[in-house]
Amino acid sequence: MLPSDVKQIKINLPVIRQYVDYLVNEQNVKNVFVNGTTGEGLSLSIQERKQLAEEWVCQGKDKLDHVIIHVGALNLPECQELARHAAAIGAGGIAVIAPFFFKPTNKDELVAFLQKVALEAPEVPFYYYHIPPLTGVKIRVEELLDGIKAQIPTFQGVKFSDTDLLDLAQCINKNETGEFEFLYGVDEQLLGALAIGANGAVGSTYNYLGRQTNLMLQAFAKPDFALAQQYQFLTGEFLSFVIKLGFGVAQTKAVMTFVSGIPMGPPRLPLVGASSEFIAKAKAKLDSIVWPNGN
């Protein structure tokens, strides 16, 4: 039997409106990726994922530029159901991870799976969510891109959450016409990915360091590489500190909570909440960082 406090963990739909306003007004973040890793999408029921998607699309109307819904699951029917739902509620895009129990072993198997999902939302931009550290599916994205548009006409790009910058570089090199988007997902290496040609980012730190990351992007675009480096190095300094303490989704929620003042709630089992010791140390470290120009 589960403890009573565990049984009562439910999604908190009413807080999303406040969360949207915080991201837009305080962090200058106007695009969101819903039901992904940080959102514990794979720990939620299908109905909960639908409710969250609906609320984000509803509350983000006229405030957010894009709401991308992650619809990946371990089985094809659930992915398809979530894709149809995302299309019906007006999502700006859908994304899918590779199944990670019974895994695709080559490009053709993976593309066949992704294609079956994309067909259920034929008018919605489609992204492949590449995150081999969690899925164990290490099919190179460079290989995946060959002929992808013919098989998945709605293919828009990749959420690239891997440290293999060689693979990313080869993808961008192939993207001569600029038709695909490469959204980088390893926050502490974003500047390196930008230098290679990544044209966007999706990451957990942007919930609480979005403003600083946007300033880094502005510095990179100027270009003022020295200033961009300062922002990246300071982000890395914080992440290096908390990683040594033990940093995962639960700890990320704790940081998001003390920075924003919005209760992000506890994680779901098998994850357990951040300790009070972690919260105190992480808060002290973040407070000690002096960002360029006092930002």
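**A note on helix α4, the cavities and a pocket**

1. Let's start with helix α4: its buried residues are Cys79, Gln80, Leu82, Ala83, His85 and Ala86. "Buried" here means under 20% relative accessible area, with exposed being over 50% and partly exposed in between, using a 1.4 Å probe and protein chains only. Helices (H or I, at least four residues) and strands (E, at least two) are DSSP runs, numbered from the N terminus.

2. A word on what you're looking at. This is a predicted model, where local features need pLDDT of at least 70 and side-chain atom pairs count only at pLDDT 80 or more, while totals for chains, interfaces and linings use all residues. Residues are numbered from 1 along each chain as its sequence is written, and side-chain values use heavy atoms, with hydrogens and water left out.

3. Back to α4, and what covers its buried residues? The cover includes two helices, α3 (46-60) and α5 (107-118), together with the strands β2 (66-70) and β3 (93-97). Have a look at those elements in the structure above.

4. How far apart should the ends of α4 be? The helix runs over residues 76-88, so with 13 residues at 1.5 Å each it should span 18 Å, and its end C-alpha atoms are indeed 18 Å apart. The expected span is 1.5 Å times one less than the number of residues.

5. Now the two ends. At the N-terminal end, Asn75 acts as a cap, with a side-chain oxygen 2.9 Å from the backbone nitrogen of Glu78. That pair can be read against the polar contact rule: N or O atoms within 3.5 Å, where within protein one must be able to donate a hydrogen and the other to accept it, and residues adjacent in sequence count only if both atoms are side-chain atoms. After α4 comes Gly90, which has a positive phi, near 85°.

6. On to empty space. Rolling a probe the size of a water molecule over the atoms shows where empty space is left. On a 1 Å grid over the protein atoms alone, a cavity is a set of points where a 1.4 Å probe fits but cannot get out; a pocket is an open set with protein on both sides within 12 Å along at least five of seven lines, and lining residues have an atom within 4 Å of a point. Grid points are joined across faces, edges and corners, and the volume is the space filled by probe spheres set on the points. How many cavities of 30 Å³ or more does a search of the whole structure find? There are two.

7. The largest cavity has a volume of about 40 Å³. Its lining is made of Asp187, Leu190, Thr205, Tyr206, Thr213, Met216, Gln232 and Thr235. Helices α11 (206-221) and α12 (225-245) each give at least two of these, and the largest share, three residues, is from α11.

8. The second largest cavity holds about 30 Å³ of space, and here α4 turns up again. Lining this cavity are Asn35, Arg49, Lys50, Ala53, Ile69, Val71, Leu82 and His85. Both α3 and α4 supply at least two residues each, with α3 giving the largest share, three.

9. Next, an open space: the second largest pocket, at about 200 Å³. Helices α11, α13 (249-260) and α14 (276-288) each give two or more residues to its lining, and α11 gives the most, with four. Among the lining residues are Glu26, Gln27, Leu209, Leu286 and Trp291.

10. Leu209 deserves a closer look. This residue sits in helix α11 and counts as buried because its relative accessibility is 2%. Not counting residues up to four places away in sequence, Leu209 touches Gln27, Thr235, Leu286 and Trp291; contact means heavy atoms within 4.5 Å. Asn28 is 181 residues from Leu209 in sequence, yet their C-alpha atoms are 9.7 Å apart.

11. Two more residues to click on. Thr252 is in helix α13 and is buried because its relative accessibility is 4%; leaving aside neighbours within four places in sequence, Thr252 contacts Thr38, Ser204, Tyr208 and Phe247. Met264 lies in the loop between α13 and α14, and at 17% relative accessibility Met264 counts as buried too. With neighbours within four places in sequence left out, Met264 is in contact with Tyr19, Lys253, Met256 and Thr257.
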